[in-house]
Amino acid sequence: MTAPASPAAVARARALRGEGLEPAAIAAKTGLSLRQLGYWLRPDAGTPRPTARRAGKGRKRAARKAARPPSPAARLRMMGRLWTAAEAQMAEIEARLQRLAEGEGSARDGVQDARALAILARVMRDLSALDAAARKARAEAAPPAGAAPLSPEGAGAFRAELARRLAGLCDSVQPPAPDTPPEGTALLSQG
């Protein structure tokens, strides 16, 4: 980021622009960058420009995406990154504590590291709980231990068994005698 322009440099740049000098020449004489010149030489310089807001779908889509819970794969990747970061932080703290034990460093660093360790312990506990909950959810979603996944052959056998049982149910039901009207139609025939 460039240093802010001084009011004297801006006034000199405006005067030079009024004389008809090109921006590159003005930049060389004032020490301002071309980007700063572009900002300070515009008619409404010094007043913030209104930010352009995208209307419509962009903001709504971003809000919907932010409101959606992450996918299981995204959660696993995030948990992996958190574990990696926690392990790296733990290694750094252990190295600092080792140096402190050897007489290097100050007690103040030790106090900060102790606080960081307490926070890190809570993070590790929460991550372990999340891992356990994820394992439990996977175990509940998995088929029973003896059940095999339904293969195309198994699906065909399932359909055949289902058709056999439905046929047995249909055979066990007695159709009404041909001379008796179906239920509910006796009133229509009396009229």
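In what order do the elements of the chain run from the N terminus on? They run α-α-α-α-α-α-α-α, and the tally is accordingly given as 8 helices and 0 strands. Please keep in mind as we walk through it that this is a predicted model.

Let's begin with the chain as a whole. It has 191 residues, and 12% of them count as buried. Looking at contacts with a separation of 6 or more, 47% are accounted for by residues 24 or more positions apart.

Now to the part of the chain where nonpolar side chains come together. In soluble globular proteins, nonpolar side chains tend to be buried together. Here, the largest nonpolar core has 9 residues, namely A5, A9, V10, A13, L16, I26, A27, L32 and L37. Two helices, α1 (7-18) and α2 (23-30), each supply at least two residues of this core. Of the elements, α1 gives the most, with 4 residues. I26 is a good place to look from inside this core: setting aside neighbours within four places in sequence, I26 is in contact with A13, L16, R17, L21, G31 and L37. Among these partners, A13, L16 and L37 are also members of the core.

From there, you can move along to L41, which sits in the loop between α3 (34-40) and α4 (57-67). Is L41 buried, partly exposed or exposed? With a relative accessible area of 26%, L41 is partly exposed, because buried means under 20% and exposed means over 50%. Not counting residues up to four places away in sequence, L41 touches A13, R14 and R17. The link to R17 spans 24 residues along the chain, and the C-alpha atoms of L41 and R17 are separated by 8.0 Å. R17 also appears among the contacts of I26, and A13, another residue that L41 touches, is one of the core residues.

Next come the aromatic rings. The count comes to 1 aromatic pair. That pair is Y39 and W40, whose ring centres are 4.9 Å apart and whose planes stand at 90 degrees, so the pair is edge-to-face; the cut-off for that label is over 60 degrees. What is the accessibility of the two partners? Y39 counts as partly exposed at 29% relative accessibility, and W40 also counts as partly exposed, at 24%.

Further along the chain, empty space is the topic. Rolling a probe the size of a water molecule over the atoms shows where empty space is left. In this model, the largest pocket holds about 160 Å³ of space. Which residues line the largest pocket? The lining is made up of P72, R75, L76, M79, L130, A133, A134, A137 and R138. The elements that give two or more residues to this lining are α5 (72-101) and α6 (107-141), and α6 gives the most, with 5 residues. By residue type, the lining divides into 7 nonpolar, no polar and 2 charged.

Finally, stay with helix α5 and find R96, which is located there. At 29% relative accessibility, R96 counts as partly exposed. Leaving aside neighbours within four places in sequence, R96 is in contact with Q89 and D113. For R96 and D109, which are 13 residues apart along the chain, the C-alpha atoms are separated by 8.1 Å.

Technical notes. Residues are numbered from 1 along each chain as its sequence is written. This is a predicted model: local features need pLDDT of at least 70, side-chain atom pairs count only at pLDDT 80 or more; totals for chains, interfaces and linings use all residues. Side-chain values use heavy atoms; hydrogens and water are left out. On a 1 Å grid over the protein atoms alone, a cavity is a set of points where a 1.4 Å probe fits but cannot get out, and a pocket is an open set with protein on both sides within 12 Å along at least five of seven lines; lining residues have an atom within 4 Å of a point. Grid points are joined across faces, edges and corners, and a volume is the space filled by probe spheres set on the points. Ala, Val, Leu, Ile, Met, Phe, Trp, Tyr, Cys and Pro count as nonpolar, Asp, Glu, Lys and Arg as charged, and the others, Gly among them, as polar. Rings of Phe, Tyr and Trp (its six-membered ring) pair if their centres lie within 6.5 Å; planes under 30 degrees apart count as stacked, over 60 as edge-to-face and the rest as tilted. Buried means under 20% relative accessible area, exposed over 50%, partly exposed in between (1.4 Å probe, protein chains only). A nonpolar core is a set of buried Ala, Val, Leu, Ile, Met, Phe, Trp, Tyr and Cys residues joined through side-chain atoms within 4.5 Å. Contact means heavy atoms within 4.5 Å.
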